[in-house]
Amino acid sequence: MKTTVAIVNKQGDDFSLEEVELDGPRDDEILVRIVATGLCHTDIHLKDTLPEAMFPMVFGHEGSGVVEAVGPGVSGVDVDDHVVLSFRSCRTCGDCANGLVGYCGAAMTLNYMGMRTDGSTTYSRDGSPVFGNFFGQSSLSMHAIAYADNCVVVNKSVDLTKVAPYGCGFQTGAGTVLNVLKPGPADSLVVYGVGAVGLAALAAAKHLRVGTIVAVDPLQSRRDAASTYGAVGVDPAADEVVGKVKELTGGGASYAIDTTAISAVVKQAQQSLRSRGTLIALGLGAEEYTIDALDLLQTGKVIRSSIEGDSDPQEMVPRLIGLNAAGEFDVDGLIATYPFSEINTAVADVLSGRVVKPVFVW
Ligand SMILES: NC(=O)c1ccc[n+]([C@@H]2O[C@H](COP(=O)([O-])OP(=O)(O)OC[C@H]3O[C@@H](n4cnc5c(N)ncnc54)[C@H](O)[C@@H]3O)[C@@H](O)[C@H]2O)c1
Ligand SMILES: [Zn+2]
Ligand SMILES: [Zn+2]
């Protein structure tokens, strides 16, 4: 069938709306009519940095929509189901069996190769392949091919525009707090970089009634958004950041999260922890980080990463929808909707800090 996608023709190009051919659904595939798709910084980063051989490419990994067709081998998802799309996992390897599907041994193959495991692409144009299958969805599109393991069926009363970002950005920030760090009222949390991922972490920290919350970001608009979750804002241009965070947290934060992927910032995040504190580095884009080795040796600190906040989307997406409905995960105000035709404006708006989470609707 024909469909319209926001395609990136060459590394670093803008998105452009073009008609392509969509193949499938095959035996294990699900055809989804996309209602809304969030934009994550990972889409922007990879559009500008993936090797030229990976283009033309259709990105998008925060899709939501309505199932139009299912392959004969699919179970658990039916025509007319409303679904939130997330990342793929094999659901059979050791990490998957332990519920840690973000660390699936097949994660690269299933999410990042731009094609099915047999080497075919779901999209094509004039008979030539167009890379897709991004996070098993490539949902910057009017229609997407997805799979049972990354389709989360949600109640038809749920607003698909609000929950599209639960598939990646909001799940990652929230999961890092709810699954990995699990802070409580006696703890303090500092988040470096409060865009979509960082603010979702703050929303989860507010839900857990974390004692002291600090948000470091050079953008006033982002610090203002962080203050709605009870965070004290720190401007890295105005303050000596590590000293300020230590002052605000009574000697150092119990927990830190970095979403900037800037080496100097990750080092500040490490240094602003108290002894035996934990830093989770979530950002994508750095090749190396510099750690303060003496500080690490003397303090027993933990530095680790997390994929998608250690979430299983089949568990985390419904959990966040439930918390949101109860007024306990209040991220609706972070969303700015755009028609798909304004996707390049949205990229500029998120980078300038004018909006937090663009969500595109057809
Ligand atoms: N680990 C994962 O599974 C996972 C999942 C989703 C996104 N990500 C990554 O997380 C990162 C954040 O994504 P996002 O969508 O929230 O991006 P975003 O652009 O919305 O947020 C990044 C924030 O960092 C701030 N920032 C820039 N320089 C800073 C500095 N020196 N000090 C403090 N803050 C600074 C920016 O102002 C912005 O508010 C990206 O690198 C993305 O690729 C990782
Ligand atoms: Zn697996
Ligand atoms: Zn993402």
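How many bridges join β3 to strand β9? Keep that in mind as you open this predicted model; the tour starts at the zinc ion and reaches the strands at the end.

**Stop 1: the zinc ion**

Select ligand 3, the zinc ion, and show the side chains of Cys-40, His-61 and Cys-168. These are its protein donors, through SG of Cys-40, NE2 of His-61 and SG of Cys-168, at 2.0 to 2.3 Å from the ion. Along the sequence, the donor residues follow the spacing C-x20-H-x106-C. Now colour His-61 and Cys-168: this pair links distant parts of the chain, 107 residues apart. His-61 sits in the loop between β4 (57-58) and β5 (63-70), while Cys-168 is found in the loop between α4 (160-163) and α5 (169-181). Switch on a surface for these two, and you will be looking at buried residues in both cases.

**Stop 2: ligand 1**

Next, select ligand 1 and display the 25 residues around it. Those that come nearest are His-41, Thr-42, Asp-217, Arg-222 and Glu-308. Colour the shell by residue class and you should find 13 nonpolar, 9 polar and 3 charged residues. Two helices to highlight here are α1 (41-49) and α6 (196-207), each of which supplies at least two residues of the shell.

Then draw some distances from oxygen atoms of the ligand:

- to a polar backbone atom of Val-197, 2.9 Å;
- to an N or O atom in the side chain of Arg-222, 2.8 Å;
- to a polar backbone atom of Glu-308, 2.8 Å.

With those contacts on screen, add the surface of ligand 1: taken alone it exposes 870 Å², and the protein buries 86% of that.

**Stop 3: strand β3 and its partners**

Finally, select residues 29-38, which form strand β3. Of its 10 residues, 8 are buried, so the strand is largely enclosed by the rest of the structure.

Back to the opening question: 5 bridges join β3 to β9 (residues 143-147), and the two strands run antiparallel. To find this pairing, centre on Glu-29, which stands opposite Tyr-147 in β9.

Move on to β5, which pairs with β3 over 7 bridges, in the antiparallel sense. A good place to look is Arg-33, whose bridge partner in β5 is Val-66.

The last selection is β18 (residues 357-361), joined to β3 by 3 bridges and again antiparallel. Here Ala-36 stands opposite Val-361.

Methods:
Residues are numbered from 1 along each chain as its sequence is written. Chains are lettered from A and ligands numbered from 1 in the order in which they are written. This is a predicted model: local features need pLDDT of at least 70, side-chain atom pairs count only at pLDDT 80 or more; totals for chains, interfaces and linings use all residues. Side-chain values use heavy atoms; hydrogens and water are left out. Donors are N, O and S atoms within 2.8 Å of the metal (3.2 Å for Na, K and Ca); water is not among the atoms, so sites may look incomplete. Helices (H or I, at least four residues) and strands (E, at least two) are DSSP runs, numbered from the N terminus. Buried means under 20% relative accessible area, exposed over 50%, partly exposed in between (1.4 Å probe, protein chains only). Two strands pair if DSSP finds at least two bridges between them. A residue is near a molecule or strand if one of its heavy atoms lies within 4 Å of it. A polar contact is a pair of N or O atoms within 3.5 Å; within protein, one must be able to donate a hydrogen and the other to accept it, and residues adjacent in sequence count only if both atoms are side-chain atoms. Accessible areas come from the Shrake-Rupley method with a 1.4 Å probe; for residues, only the protein chains shown count as cover. Ala, Val, Leu, Ile, Met, Phe, Trp, Tyr, Cys and Pro count as nonpolar, Asp, Glu, Lys and Arg as charged, and the others, Gly among them, as polar.
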